[in-house]
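Work through the exercises below with the sequence and the model open side by side. Each task is followed by a solution in steps.

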Amino acid sequence: MPMRNLKNQYIWITGASDGIGKELAIQLAKKGAHIILTARKEQKLKEVASQLEGDKHIVFPMDLLETDKIPAKTKELLQKVPTIDVLINNAGISQRSLVKETTIEVDRKIMELDHFSKVILTKELLPLFLEKQAGQIVTISSVAGKIGTPMRSAYCAAKHAIIGFMDSLRAEVHNDNIRVLVVTPGSVQTNISKNALEGDGKDHGVTDPAIANGMSVEECGRRIVRAMEQEKSELLVAKGKEKMAANLKRFFPSLLFKMVRSTKTT
Ligand SMILES: NC(=O)c1ccc[n+]([C@@H]2O[C@H](COP(=O)([O-])OP(=O)(O)OC[C@H]3O[C@@H](n4cnc5c(N)ncnc54)[C@H](OP(=O)(O)O)[C@@H]3O)[C@@H](O)[C@H]2O)c1
């Protein structure tokens with residue numbers, strides 16, 4: 001199995017101010033990587049950066065919903081760092097609302113952040129990776145990118161879409177020595193459900209039982225880092241029912257659809 005050495009790699013992590021992105025920053029810095037931390041909240045990014053081992057980390061705030069600014073911001077970043085070796089497309093926002101109560105603005109906002117911002121960022125870095133004939137693109141999708149569940153229509157749509165994009169890209173760039181990893185976590189103990197959007201665009205503000213009882217963010221981070229080192233193409237980071245559901249969808253889709261409609265989703 002190929003082993004990527006992450007020491008001295010410049011790794012750009014979006015959504016690095018909290019949750020899975022923050023944990024990846026901590027664990028990758030321990031491996032000797034130089035981290036570029038992106039999210040909206042500059043102060044939180046600075047606090048995370050101050051906790052990291054090593055001294056070549058960069059705080060680079062961005063609102064990824066401002067997708068038209070991503071190309072210029074990427075060029076600005078490339079002036080500040082010697083190179084970028086790995087992109088971790090992690091920033092995302094979830095949803096807690098039925099289709100019938102979700103405004104199209106909310107559908108578009110989730111698609112803009114969870115799909116298009118990742119597509120644009122990836123396309124901005126691709127010329128550099130092609131020129132170097134090296135690079136790794138890691139994208140945090142979700143089990144929701146494999147199965148559709150109630151209350152998550154926009155989120156599932158965006159998470160499915162980004163898997164399709166990344167699967168195509170992986171095949172296109174394999175011979176250019178660029179590796180593409182798609183991660184599909186189940187519930188992980190972060191602020192994802194607090195920050196999720198309700199149908200009218202308001203924050204949900206509540207930690208769901210599934211998230212509260214989910215995998216620890218440390219374990220999720222460890223599994224992702226190992227998959228990066230092993231240059232895996234896909235990683236399912238889930239336990240129990242969520243792990244089973246992702247596998248059932250592949251082999252017994254009708255059974256899965258039946259189970260999903262009789263499972264209470266909050
Ligand atoms: N936790 C789970 O159960 C779970 C399961 C499957 C997949 N995932 C995926 O994992 C990824 C990370 O989620 P998480 O669980 O760590 O959630 P989280 O704790 O809510 O963190 C989300 C991160 O995204 C950043 N972000 C949100 N909107 C942004 C924007 N417009 N521009 C730039 N950054 C933005 C946030 O920072 P700022 O607020 O500072 O911008 C924060 O750093 C997401 O893609 C999520 O869909 C999570």
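**Exercise 1. Find the bridge partner of Ile13 in strand 4, then follow the pairing outward.**

Step 1. The bridge partner of Ile13 in strand 4 is Ile88. Strands here are DSSP E runs of at least two residues, helices are H or I runs of at least four, and both are numbered from the N terminus. The model is predicted, so local features need pLDDT of at least 70 and side-chain atom pairs count only at pLDDT 80 or more, while totals for chains, interfaces and linings use all residues. Residues are numbered from 1 along each chain as its sequence is written, and side-chain values use heavy atoms, with hydrogens and water left out.

Step 2. Strand 1 (residues 10–14) pairs with strand 4 in the parallel sense over 3 bridges; two strands count as paired if DSSP finds at least two bridges between them. Within this pairing, Trp12 stands opposite Leu87 of strand 4.

Step 3. On the other pairing of strand 1, strand 2 (residues 34–38) joins it in the parallel sense over 5 bridges. Here the partner of Ile13 is Leu37.

Step 4. Strand 4 is also joined to strand 5 (residues 135–140), running parallel, by 4 bridges. Ile88 has Val138 as its bridge partner in strand 5.

**Exercise 2. Place these strands in the sheet and state which strands are at its edges.**

Step 1. The sheet is open, has 7 strands in the order 3-2-1-4-5-6-7, and its pairing is parallel.

Step 2. Strand 3 (58–59) and strand 7 (234–237) are the edge strands, each pairing on one side only.

Step 3. Strand 7 runs parallel to strand 6 (residues 178–185) and is joined to it by 4 bridges. Pro185 stands opposite Val237 of strand 7.

Step 4. Two connections can be traced through helices. Strand 1, helix 1 and strand 2 form a right-handed β-α-β unit, as do strand 4, helix 4 (residues 104–132) and strand 5. Right-handed means that, with the strands pointing away from the viewer, the path from the first strand over the helix to the second runs clockwise.

**Exercise 3. Are the faces of strand 1 and strand 4 buried or exposed?**

Step 1. Apply the cut-offs: buried is under 20% relative accessible area, exposed is over 50%, and partly exposed lies in between (1.4 Å probe, protein chains only).

Step 2. In strand 1, Tyr10, Trp12 and Thr14 on one side and Ile11 and Ile13 on the other are all buried. Strand 1 is largely enclosed by the rest of the structure because 5 of its 5 residues are buried.

Step 3. In strand 4 (residues 86–89), one side has Val86 and Ile88, the other Leu87 and Asn89, and all are buried.

**Exercise 4. Describe the surroundings of the ligand, and list its polar contacts with Ser17, Leu64 and Val188.**

Step 1. There are 31 residues around the ligand, with Arg40, Lys41, Asn90, Tyr155 and Thr190 coming nearest; a residue is included if one of its heavy atoms lies within 4 Å.

Step 2. The shell divides into 14 nonpolar, 12 polar and 5 charged residues. In this scheme Ala, Val, Leu, Ile, Met, Phe, Trp, Tyr, Cys and Pro are nonpolar, Asp, Glu, Lys and Arg are charged, and the others, Gly among them, are polar.

Step 3. Helix 1 (19–30), helix 5 (153–173) and helix 6 (192–195) each supply at least two residues of the shell.

Step 4. The contacts follow, each a pair of N or O atoms within 3.5 Å.

- Ser17: a side-chain N or O atom is 2.8 Å from an oxygen atom of the ligand.
- Leu64: a backbone N or O atom lies 2.9 Å from a ligand nitrogen atom.
- Val188: a polar backbone atom is 2.8 Å from an oxygen atom of the ligand.

Step 5. Taken alone the ligand exposes 890 Å², of which the protein buries 97% (Shrake-Rupley method, 1.4 Å probe).

**Exercise 5. Locate Val48 relative to Ser17, and describe the backbone at Met151 and Asn177.**

Step 1. Val48 is in helix 2 (residues 42–51) and counts as buried because its relative accessibility is 2%. Val48 and Ser17 are 31 residues apart in sequence and 6.5 Å apart in space, C-alpha to C-alpha.

Step 2. Met151, in the loop between strand 5 and helix 5, is not a glycine but has a positive phi of about 75°.

Step 3. Asn177, in the loop between helix 5 and strand 6, also has a positive phi, near 65°. Its relative accessibility is 40%, so Asn177 counts as partly exposed.

Note on methods
A polar contact is a pair of N or O atoms within 3.5 Å; within protein, one must be able to donate a hydrogen and the other to accept it, and residues adjacent in sequence count only if both atoms are side-chain atoms.
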